[in-house]
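Please open the model in your viewer and keep the sequence panel beside it, so that each selection can be followed in both. The tour below goes from one selection to the next.

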Amino acid sequence: MENVTGIHHITAMAGDPQKNLDFYAEVLGLRLVKLTVNFDDPGTYHFYYGDGLGRPGTILTFFPWPQAAPGRAGVHQVGVVSLAIPQSSLGYWLHRLMEKGVAYSGPFEREGAQVVAFKDPDGLQLELVATPHAPEATAWEAMPVPAEHAVRGVYTAQMWVLRAGPSVRTLEAMGYRVKTQRENVTVMVPEGGFGAVEVREAGGFLAARDGVGTVHHVAFRVPDDAAQIALREKLLGLGLRVTEVRERQYFRSVYFREPGGALFEVATDIPGFTADEPFEALGSSLKLPPWLEASRAQIELALPKIAHPGAEVRA
């Protein structure tokens, strides 16, 4: 098998780590399933949020850089991240967003679903999509949102490009198919039908500028290493420049720029976030990969203090 099965995770850049934690864990009610550092820049955190187990398809991750400049959404990147909620939970979420002081627009209808648009504290453009096709989520003991209303995962990543054709063909080579077309947006779905990608032709937009409040990359899922290697060879055969496999402790990854300029990752479903801590303790302490353990004292000293329910307060 050399096709992806959907979206594994989406990674974005944030500013203040505490504001990020407060919003995604407390307001949106996602579980902090892993508290670690950016393996390529261990002076900053890497937060992973998801359902109770952090299953592929439910994961949002963030690099919080408190001193970084704001970015600008634009062409050559993912501009909007949509999250699925149960169809019956729309009223709950409208009330919750109002209660938490989150400004939103909508609800409005899109392809038979009700959509609410809003931004996170750093300006990242988000949506909640109330859909009858929302999958089940893994619950955990200290959920801040009732399980029946919980966010169920990444519904859609909307990427902005100058020309849709090359990006559409690349996604088709990865196993996506065109589902619908609306105006300047091509909606594509994987074989399983969940974790869509919308390719939006946005020729009048400015080019994206990486920084706080923008998406860094979107990761697509494959079941195992063999599937990843097979897809990597296929992508190389298309003339794309794909990295060697990189160890990310909870999955293995390869990266490449698709023709529209967005950064894509292909990540394995295995081994998952229980590789170094049990389900009950996910996200409760700072985890480092083996090659950084010798530098733990220096890393901990450099990281800012954060507080999160279920996780240690870091000085």
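In this predicted model, begin by displaying the rings of the aromatic residues, among which there are 19 aromatic pairs. Select Y24 and F62 as one of these pairs: the ring centres are 4.5 Å apart and the planes stand at 40°, so the pair counts as tilted. Colour helix α1 (residues 17-27), where Y24 lies, and strand β4 (residues 59-64), where F62 lies, and you will see that the pair ties together parts that are 38 residues apart in sequence. Are these two residues buried or exposed? Both Y24 and F62 are buried.

Now move to Y176 and F220, an aromatic pair with an edge-to-face arrangement, in which the centres are 5.7 Å apart and the angle between the planes is 80°. This pair, too, links distant parts of the chain, since Y176 sits in the loop between α3 (164-174) and β10 (177-182), while F220 belongs to strand β13 (residues 215-222), 44 residues apart. Y176 has a relative accessible area of 3% and F220 has 0%; buried means under 20%, so each of them counts as buried.

Return to Y24 and extend the selection to F23, Y45, F47, Y49, F62 and F118, which together with Y24 form one aromatic cluster.

For a contact between a charge and a ring, select R31 and F279: R31 lies over the face of F279, at 5.0 Å from the ring centre.

Next, select helix α2 (residues 90-99) and look along its axis. Which residues of this helix are buried? They are L90, W93, L94, R96 and L97, and because they cover an arc of only 165° around the axis, they lie on the same side of α2. Turn the helix to its other side, where M98 and E99 are exposed.

Finally, look for empty space inside the model. Rolling a probe the size of a water molecule over the atoms shows where such space is left. The structure holds 1 cavity of 30 Å³ or more, and the largest cavity has a volume of about 60 Å³. To find the largest cavity, select its lining, made up of L28, G29, L30, G50, D51, G52, A137, T138, W140, M143, A150 and V151. If you colour these lining residues by character, they divide into 7 nonpolar, 4 polar and 1 charged.

Note on methods. Residues numbered from 1 in each chain as written. Predicted model: local features only at pLDDT ≥ 70, side-chain atom pairs only at ≥ 80, totals over all residues. Heavy atoms only, no water. 1 Å grid on protein atoms, 1.4 Å probe; cavity = no way out; pocket = protein on both sides within 12 Å on 5 of 7 lines; lining within 4 Å. Points joined across faces, edges and corners; volume = space filled by probe spheres on them. Nonpolar A, V, L, I, M, F, W, Y, C, P; charged D, E, K, R; others polar. Phe/Tyr/Trp six-rings, centres within 6.5 Å; stacked < 30°, edge-to-face > 60°. Helix = DSSP H or I, 4+ residues; strand = E, 2+ residues; numbered from the N terminus. Buried < 20%, exposed > 50% of the residue type's maximum accessible area, 1.4 Å probe, protein only. Lys NZ or Arg CZ within 6 Å of the ring centre and 35° of its normal. Arc of directions from axis to C-beta.
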